[in-house]
Amino acid sequence: MISQTLYTYSDNFRAYKVLIAAQYSGTAVKVAADYVHGETNRSEAFLKKFPLGKVPAFETKDGKYLTESNAIAFYVANDQLRGTSDVHRAEVISFLSSADSELLPAVQSWVFPVLGIMPFNKNNVEHAKDDLRRQMMVLNSRLLKQTFLVGERVTLADIVVFTALLPAYVHVLDPSFRAPFGAVNRWFTTVLNQPHIKPVVGSVTLCTKVAQVDPKKYAEFQARFANGSGAEKTEKADKKKEKKEKKSAPAEVLTEQPDAADELLAAEPKQNDPFETLPKGSFNMDDFKRFYSNEDEAKSIPYFWTKFDPANYSIWYGEYKYPEELTKVFMSCNLITGMFQRLDKMRKQSFASVCLFGEDNNSTISGVWVWRGQDLAFKLSSDWQVDYEVYEWKKLDPASEETKKLVSQYFSWSGSDKGGRKFNQGKIFK
């Protein structure tokens, strides 16, 4: 029996769709380990199966051959990903079509010149920016009302649109461009951190500053791929390197010439803990977290005040700015969970209790945060800045009675918000 095999080069965003769909459905897919782009896909044996020589290409268990990434992803997907009703299936197909015909061309026309894969044309890039902004406005309007694009769970619509936007979020969508699209940003990072998606795309750092066009990159790209043999040798070298390390930044590259993009998207250096630059003080965060987890609030809250070091640690109140966006309680809770996931590296010197007050279509989110240092901690690292701008932040005076009451309320998950909405549920960041 022929095994189920995916042919692709490394970090091919189109292949990501297939691998993610397989993760969700539990379908076993083997990536051809001996595939060399520019060589394997030009061989007689490959072209007999896949006449156009394009990848990703897929060989099923029973010897059938599939091309086109959306079709392959659909094949390996389960019913949930394809849509659980006629309307949902139609909506999924609609997103698959629009992602390839509308969204992806705009992303490529902006990102590829930055990577040096295609020549820079100012008018084309500006037109691409406008197109992408328009596409994101439409997505934002939809995602203001729901967590995912179709239904209440991840579908192929989310996977395909996510992979199309991935290169833009990594290279060109800086915080100022992203700012008007809060709902899309939350959706993107929620999808990114799904347990079936993270293992495929790896570590992703969102753009903090738009990558600038360097004409030398395109000249180097052209010179490097002037003949096929150079590309093939580089591909083999990249394959060996890939076995040693997983690149952190995903590459969206031209099907014919992936190697230069792989080099340009080399893994970013590991960052040190930003909190380590601040005085440690006497407050032991780990000790408090253990005490809080193992004792009831009648003991843990007084313990917090006994140990708290106001000279080197601070307390903050954060309130979600857009309560009118909050509909279903479970969706609102997903926002909190998603934010916590994206702040994972901030946990060691931080603690928070974030609460949802109210009910469906009438709720708010707010929380009390504690971290090392006296300033807003999110600004210490670009990796921590995905969600914080959608909250209003206020530094609290640890000596005031008002702060003590807030800490008691949020650490014990009780009371009501400013509008009188009763506590519904809470989540702890520790």
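**Reading a predicted model: Trp187, helices and a sheet**

Trainee: Which residues does Trp187 touch, leaving aside those up to four places away in sequence?

Mentor: In this predicted model, Trp187 touches Leu143, Thr147, Phe148, Leu149, Asp158, Val161, Phe162 and Leu165. A contact requires heavy atoms within 4.5 Å.

Trainee: What makes Trp187 count as buried?

Mentor: Buried means under 20% relative accessible area. Trp187 has a relative accessible area of 3%, so the residue is buried. Trp187 is found in helix H9.

Trainee: How far apart are Trp187 and Phe162, in sequence and in space?

Mentor: They are 25 residues apart in sequence, and their C-alpha atoms are 9.0 Å apart in space. Phe162 is also among the residues that Trp187 touches.

Trainee: How do you know that the length of H6 agrees with its number of residues?

Mentor: The expected span is 1.5 Å times one less than the number of residues. For the 22 residues of H6 this should give 32 Å, and the end C-alpha atoms are 31 Å apart; therefore the two agree. Helix H1 (residues 13–25) passes a similar test: its 13 residues reach 19 Å from first C-alpha to last, close to the expected 18 Å.

Trainee: Which residues of H6 are buried, and against what do they pack?

Mentor: Val125, Ala128, Asp131, Leu132, Met136, Leu139, Asn140 and Leu143 are buried in H6. These buried residues pack against H5, helix H7 (156–171), helix H8 (175–178) and helix H9 (182–192).

Trainee: What is the handedness of the crossing of H5 and H6?

Mentor: The axes of helix H5 (residues 86–115) and helix H6 (residues 122–143) come within 8 Å and cross at roughly 145°. The crossing is left-handed. Among the residues that meet there are Phe95, Leu103 and Trp110 in H5 and Leu132, Gln135 and Leu139 in H6. By class, this contact has 10 nonpolar, two polar and five charged residues.

Trainee: In what order do the five strands form the open sheet?

Mentor: The order is S8-S5-S7-S6-S9, with antiparallel pairing.

Trainee: Why are strands S8 and S9 said to stand at the edges?

Mentor: Strand S8 (391–396) and strand S9 (423–429) each have a single partner strand, so one side of each is left without a neighbour in the sheet. Neighbouring strands of this sheet are turned by 20° against each other on average, direction ignored.

Trainee: What makes S5 and S8 count as a pair?

Mentor: Pairing requires at least two bridges. Strand S5 (residues 313–320) and S8 are joined by six bridges in the antiparallel sense, and the requirement is met. Tyr320 has Tyr391 in S8 as its bridge partner. Helix H17 (residues 401–412) packs on the sheet, touching S5, strand S6 (350–359), strand S7 (362–372) and S8. The direction of H17 makes about 110° with that of S7.

Trainee: How many bridges join S6 to S7, and how many join S6 to S9?

Mentor: S6 and S7 pair over 10 bridges, and S6 and S9 pair over six; the sense is antiparallel in each case. Cys355 stands opposite Ser366 in S7 and opposite Gly426 in S9. In the hairpin of S6 and S7, two residues lie between the strands, and Asn361 takes a positive phi near 65°.

Trainee: What makes S6 mostly covered?

Mentor: With the buried cut-off at under 20% relative accessible area, nine of the 10 residues of S6 are buried. The strand is described as mostly covered on that count.

Key:
Residues numbered from 1 in each chain as written. Predicted model: local features only at pLDDT ≥ 70, side-chain atom pairs only at ≥ 80, totals over all residues. Heavy atoms only, no water. Helix = DSSP H or I, 4+ residues; strand = E, 2+ residues; numbered from the N terminus. Axes fitted to C-alpha atoms, helices over the stretch in contact; angles between N-to-C directions. Buried < 20%, exposed > 50% of the residue type's maximum accessible area, 1.4 Å probe, protein only. Left-handed = near helix turned anticlockwise from the far one by under 90°. Nonpolar A, V, L, I, M, F, W, Y, C, P; charged D, E, K, R; others polar.
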